[in-house]
Amino acid sequence: MKESFVETHAHLAHNFAYSEWDKVADSGLVEQIWLHAIDCVHSPRHSGNQAVLEVARHYPGLVKPFAFCRLDGSPDQVAAFKDAGFSGLKFIYPVADYDNPSFFPIYEQAEKYEMPCFFHVGIIAKRTSDELLFPGQLASPRRMRPCMLDTLSAEFPHLKIIAGHMGVPWCNELFETLWYYPNVRCCICGFSDYQYLLKFLNSADSEHVPYYRKLMFASDAAYGTPGVFDTVVRRAIFFREFFTEIGADAPWATCTEQFMKENALTFLSRL
């Protein structure tokens, strides 16, 4: 594969090697990697904020770091993350529903400082509460339902919101959010419901923007260990073939580049 792509949902392996990252950087296949920190579990498989920021500094322009942000923390952390060099914020495993009003000061600061917000939505990896780092955390998809992004989109219309995954098993909620709100996008990775994807790729939102202009490629892979980037490239090849072959008779057949990179670059052009 020679065509490049933007990776909008990636993690940093806990035991990563820069030699593996050099392979990614030297491949010429990736224009940007939005690298998400995870700082909320014991013995994580993924690295946290400090390591993610270090890798981003090592590969300027290629890696766009997203800081794990505690929604129950101080709103001042948003400005601190921006000053440190982070490109956006990552939310996962909240201690209450995403649209709990107590979290609004965080979103207000994110909107003020133009920090894009990436929300895990829907089904999540099996974890017990003792694996999670903060009091009140649970591995509960109910706290991360896509419909909660409706509230945030309405209250903070200038906040750039990215839904991570399709929100399975609430795909209908996700696409309803995409239908109503122009400041929401979705990365397609992980456990995807391809029936819903095929159905809605042929539709448009309330402002007549086709859904294929609001979806973005991602792998959710943990970069930095042997073989991982090969898996990402195979995933990219799959989606290129998905658009050109499965969508051969659909309007989105010619929109592969939009999905693979242009939608992401346009949405977050300031990064």
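Select helix H5, residues 148–155, in this predicted model. Its buried residues are Met148, Leu149, Asp150, Leu152 and Ser153. Now add the elements against which these buried residues pack: helix H4 (104–112), strand E5 (117–120), strand E6 (161–164), helix H6 (171–180) and strand E7 (184–188).

**From H5 to H6**

Remain with helix H6 and pick Thr177. Thr177 counts as buried because its relative accessibility is 0%. Display its surroundings, leaving out residues up to four places away in sequence: Thr177 touches Pro146, Cys147, Leu149, Asp150 and Val184. Leu149 and Asp150 belong to the buried set of H5. A distance drawn from the C-alpha of Thr177 to that of Ala163 reads 9.8 Å, for two residues 14 apart along the chain.

Next, step back to the loop between E6 and H6, where Pro169 is placed. The peptide bond joining Val168 and Pro169 is cis, with omega at about 10 degrees.

**The nonpolar core**

Select Phe119 and show what surrounds it. Apart from neighbours within four places in sequence, Phe119 is in contact with Phe91, Tyr98, Tyr107, Leu149, Leu152, Ile161, Ile162, Ala163 and Gly164. Leu149 and Leu152 lead back to the buried residues of H5.

Which residues have the most contacts inside the largest nonpolar core? They are Leu89, Phe91, Tyr107 and Phe119, in a core of 86 residues. Helix H8 (residues 228–246) contributes the largest share of this core, with eight residues. Then highlight Ile162, Cys187, Ala264 and Phe267, which are included in a second, separate core of 12 residues.

**Strand E3 and Phe68**

Move to strand E3 (residues 63–68) and select Phe68. Phe68 counts as buried, since its relative accessibility is 5%. From Phe68 to Phe91 the C-alpha separation is 6.2 Å, across 23 residues of sequence. Beyond residues up to four places away in sequence, Phe68 touches Ala37, Ile38, Asp39, Cys40, Asn49, Phe81, Lys90, Ile92 and Phe134.

**Strand E1: His11 and Leu12**

Select strand E1, residues 5–12, and within it Leu12. Is Leu12 buried or exposed? With a relative accessible area of 0%, Leu12 is buried. Its contacts, leaving aside neighbours within four places in sequence, are Trp21, Leu35, His36, Arg45, His46, Ser47, Ala51, Val52, Val55 and Tyr223. A line from the C-alpha of Leu12 to that of Gly88, 76 residues apart along the chain, gives 16 Å.

His11 lies in strand E1 as well, and a relative accessible area of 4% makes His11 buried. With neighbours within four places in sequence set aside, His11 is in contact with Leu35, His36, Ile38, His46, Lys90, Asp220, Ala221, Ala222 and Tyr223. Leu35, His36, His46 and Tyr223 are also among the contacts of Leu12. Lys90 is also touched by Phe68.

**Helix H1 and Glu20**

Continue to helix H1 (residues 18–27) and select Glu20. Glu20 counts as buried, because its 13% relative accessibility falls under the 20% limit. Leaving aside neighbours within four places in sequence, Glu20 is in contact with Gly224, Thr225, Pro226 and Gly227.

**Two exposed loop residues**

Where is Glu114 found? Glu114 is in the loop between H4 and E5. Glu114 is exposed, with a relative accessible area of 54%, and has a positive phi of about 55 degrees although it is not a glycine.

For the second such residue, select His208 in the loop between helix H7 (194–201) and strand E8 (215–217). The phi of His208 is also positive, near 70 degrees, and at 69% relative accessibility His208 counts as exposed.

**The whole chain**

Finally, clear the selection and view the entire protein. Its secondary structure comes to nine helices and nine strands. The C-alpha trace spans about 50 × 45 × 35 Å along its principal axes. The radius of gyration is 17 Å, which agrees with the value near 18 Å for a compact globule of 271 residues.

Colour the chain by accessibility: buried residues make up 56% of the 271 residues. The protein exposes about 11500 Å², of which carbon and sulfur atoms supply 52%. Among contacts with a separation of 6 or more, 73% come from residues 24 or more positions apart. Colouring by charge shows 24 positive and 32 negative charges, with mean positions 2 Å apart.

Note on methods: Residues are numbered from 1 along each chain as its sequence is written. This is a predicted model: local features need pLDDT of at least 70, side-chain atom pairs count only at pLDDT 80 or more; totals for chains, interfaces and linings use all residues. Side-chain values use heavy atoms; hydrogens and water are left out. Helices (H or I, at least four residues) and strands (E, at least two) are DSSP runs, numbered from the N terminus. The radius of gyration is taken over C-alpha atoms; the globule rule is 2.2 Å times the number of residues to the power 0.38. Buried means under 20% relative accessible area, exposed over 50%, partly exposed in between (1.4 Å probe, protein chains only). Contact means heavy atoms within 4.5 Å. Accessible areas come from the Shrake-Rupley method with a 1.4 Å probe; for residues, only the protein chains shown count as cover. Lys and Arg count as positive and Asp and Glu as negative; His and the chain ends are not counted. The place of a charge is taken as NZ of Lys, CZ of Arg, CG of Asp or CD of Glu. A nonpolar core is a set of buried Ala, Val, Leu, Ile, Met, Phe, Trp, Tyr and Cys residues joined through side-chain atoms within 4.5 Å.
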